[in-house]
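Welcome, and thank you for taking a look at this protein. Please open the sequence and the 3D view side by side, and we will walk through them together.

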Amino acid sequence: MKKILLFSLLTLSISCKKNRDTSFESQTVLPKSELLEKATTYFKSINSKEYEEINPNEALLGKMLYFDKRLSKKENISCNSCHDLNTFGVDNLATSPGDNGTLGARNSPTVFHASLHQMQFWDGRAKDVEEQAGGPILNPVEHNIPSEEYLVNKLKQIDFYQKWFSKVYPDSTDPITYNNITKAIGAFERKLNPQSRFDEFLDGDETVFNDQEKRGLSTFIDTGCITCHNGIAIGGQIMQKFGVYSDYWSLTQCDKIDNGLFDLTQKEADKYIFKVPGLRNVAKTAPYLHDGSIESLEKVIQIMAKAQTNIDLSAAQISDIAAFLKTLTADISDEDKKSPHEI
Ligand code: HEC
Ligand code: HEC
């Protein structure tokens, strides 16, 4: 009996000791590598932000509008035609055909993570995704809807929308308004923020990166890409000149020169100023740049280094940066990809 007691006391003390040890271990945070330390000063994980609460029904209504071709004049296209959720929010074309088949002037950027940007469009002319959504509907080379009233009247004829707008905006006696259409689409887009392997890295798990990806991140920082591509969206925060050190068209070989912000303001200083695009999902959103003139990720990295930092990167450095940029590819859920008819 005594023996047994002694034995159990012994095991108890051993197990207590063990417990103490484990709790001590779990409190010891492994030292962050210098690279992670640096990275967290320039970038923010997708999980670092407090997101505003979104009414799920408003987002669902937004998704239905996003997929509905009745929002275009001849009913040929929807937002999803150019920003296909199954292909990382883009159509992978240099420029996209609109409702009547005419090509637009600029490349379609992705809608994923767009709500994290400070401004929308290549020239930053809309402040947020809600204001942005109003643009393509009335754009003659996109949805080609003649006027706000035209669309509002059209949607009012559809029982389904009568029901859904009343459900989502119950305080309004006349809930189908242009403003509510863009608000609902915006609510849907604000949910498109899936995380990538880079977020796991920033959150502290350095094992998710291999050596090449770490070298690429390091080169991205040291080359100065981070002066423009930083923050939670790895860009999307500022407007900058494309071609700081040399004319961009001599590097891209494109035959049409786009003046960027200048076309809006007519100010000489705004020539060739474009929004710094966010780089999340960039490995999946080719072709690149405002005109979709560059097909390969490696080529656009080389052009950026030359045009924006005046550095000639080696082939190895380019391939390292490309490996890093591939870690920005988001893990998009089937839920996000599904069209609302399947919901
Ligand atoms: C015909 C193709 C087409 C359709 C349809 C279309 N877009 Fe776009 N979208 C574009 C192009 C091209 C741009 C860039 C235009 C520019 O910057 O001048 C753009 C820009 C955007 C942006 C800005 C992203 C960024 O990073 O700046 C968002 C968000 C967006 N569209 C959402 C939508 C929504 C919502 C709809 C439906 C209401 C829609 N688009 C319909 C082609 C299209
Ligand atoms: C001075 C600011 C600045 C610096 C520095 C900079 N960029 Fe950019 N980046 C831009 C702008 C502006 C664009 C959009 C150009 C356009 O298409 O008009 C862009 C576009 C890109 C694109 C294309 C994205 C897309 O969706 O089409 C990639 C990739 C890119 N940059 C990577 C890099 C890399 C890698 C570096 C470092 C070698 C770098 N950038 C340095 C401003 C900058």
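What percentage of the 343 residues of the chain count as buried? The figure is 48%. Keep in mind as you look around that this is a predicted model. The chain holds 15 helices and two strands, and its C-alpha atoms fill a box of roughly 95 × 55 × 30 Å along the principal axes.

Let us begin in the loop between β2 (273–275) and α13 (297–309), where you will find R280. This arginine has a relative accessible area of 4%, so R280 counts as buried. Which side chain does the side chain of R280 contact? The partner is D199, and the polar contact spans 2.8 Å. D199 belongs to helix α9, and because its relative accessibility is 0%, D199 is buried as well.

Stay in that loop for a moment, as N281 is also found there. Its phi is near 70°, a positive value in a residue other than glycine. N281 is buried, with a relative accessible area of 0%. Farther along the sequence, the peptide bond from A286 to P287 is cis, with omega near -5°. P287 sits in the loop between β2 and α13, and Y288 has its place in that loop too. Is Y288 buried or exposed? With 6% relative accessibility, Y288 is buried. Although Y288 and N92 are 196 residues apart along the chain, their C-alpha atoms are separated by 9.1 Å.

Now move to the loop between α12 (262–265) and β2, the place of Q266. Here is another residue with a positive phi, about 60°, although Q266 is not a glycine. Its surroundings can be read from its accessibility: at 53%, Q266 counts as exposed.

The next stop is about charge. Side chains of opposite charge can pair when their charged atoms come close. How many salt bridges does the structure hold? There are 18 of them, and a few are worth visiting one by one.

One of these joins K38 and D222, with the closest N and O atoms 3.3 Å apart. This pair links distant parts of the chain, since K38 is in helix α2 (residues 34–42) and D222 is in helix α10, 184 residues apart. K38 is partly exposed at 32% relative accessibility, whereas D222 is exposed, with a relative accessible area of 54%.

Another salt bridge brings together the side chains of D68 and R70, at 3.0 Å from N to O. Is D68 buried or exposed? At 10% relative accessibility, D68 counts as buried. Its partner R70 is partly exposed, with a relative accessible area of 31%.

A further example is the salt bridge between D312 and K306, whose closest N and O atoms lie 3.3 Å apart. D312 counts as exposed at 61% relative accessibility, while K306 is partly exposed at 25%. Elsewhere, salt bridges that share partners join R106, D123, R125 and D258 into one network.

Charged residues also come together in another way. Which residues form a negative surface patch? They are E200, D203, D205 and D331. To find one of them, D205, look in the loop between α9 (197–202) and α10 (211–222). D205 has a relative accessibility of 34%, so this residue counts as partly exposed.

Our last stop is K154, which lies in helix α6 (residues 148–156). At 19% relative accessibility, K154 counts as buried, because buried means under 20%. Where the chain is concerned, K154 and L71 are 83 residues apart, yet their C-alpha atoms are separated by 8.7 Å.

To look back over the tour, try locating three places again in the 3D view. One is the polar contact between the side chains of D199 and R280. Another is the cis peptide bond from A286 to P287. The third is the salt bridge between K38 and D222, which links helix α2 with helix α10.

Terms used. Residues numbered from 1 in each chain as written. Chains lettered and ligands numbered in written order. Predicted model: local features only at pLDDT ≥ 70, side-chain atom pairs only at ≥ 80, totals over all residues. Heavy atoms only, no water. Patch = residues over 30% accessible without salt bridge, like charges linked within 9 Å, V, L, I, M, F, W, Y side chains within 5 Å. Areas by Shrake-Rupley, 256 points an atom, 1.4 Å probe, with all protein chains shown as cover. Salt bridge = Lys/Arg side-chain N within 4 Å of Asp/Glu carboxyl O. Lys, Arg positive; Asp, Glu negative; His and termini not counted. Charge placed at Lys NZ, Arg CZ, Asp CG, Glu CD. Helix = DSSP H or I, 4+ residues; strand = E, 2+ residues; numbered from the N terminus. Buried < 20%, exposed > 50% of the residue type's maximum accessible area, 1.4 Å probe, protein only. Polar contact = N/O pair within 3.5 Å; in protein donor to acceptor, adjacent residues only side chain to side chain.
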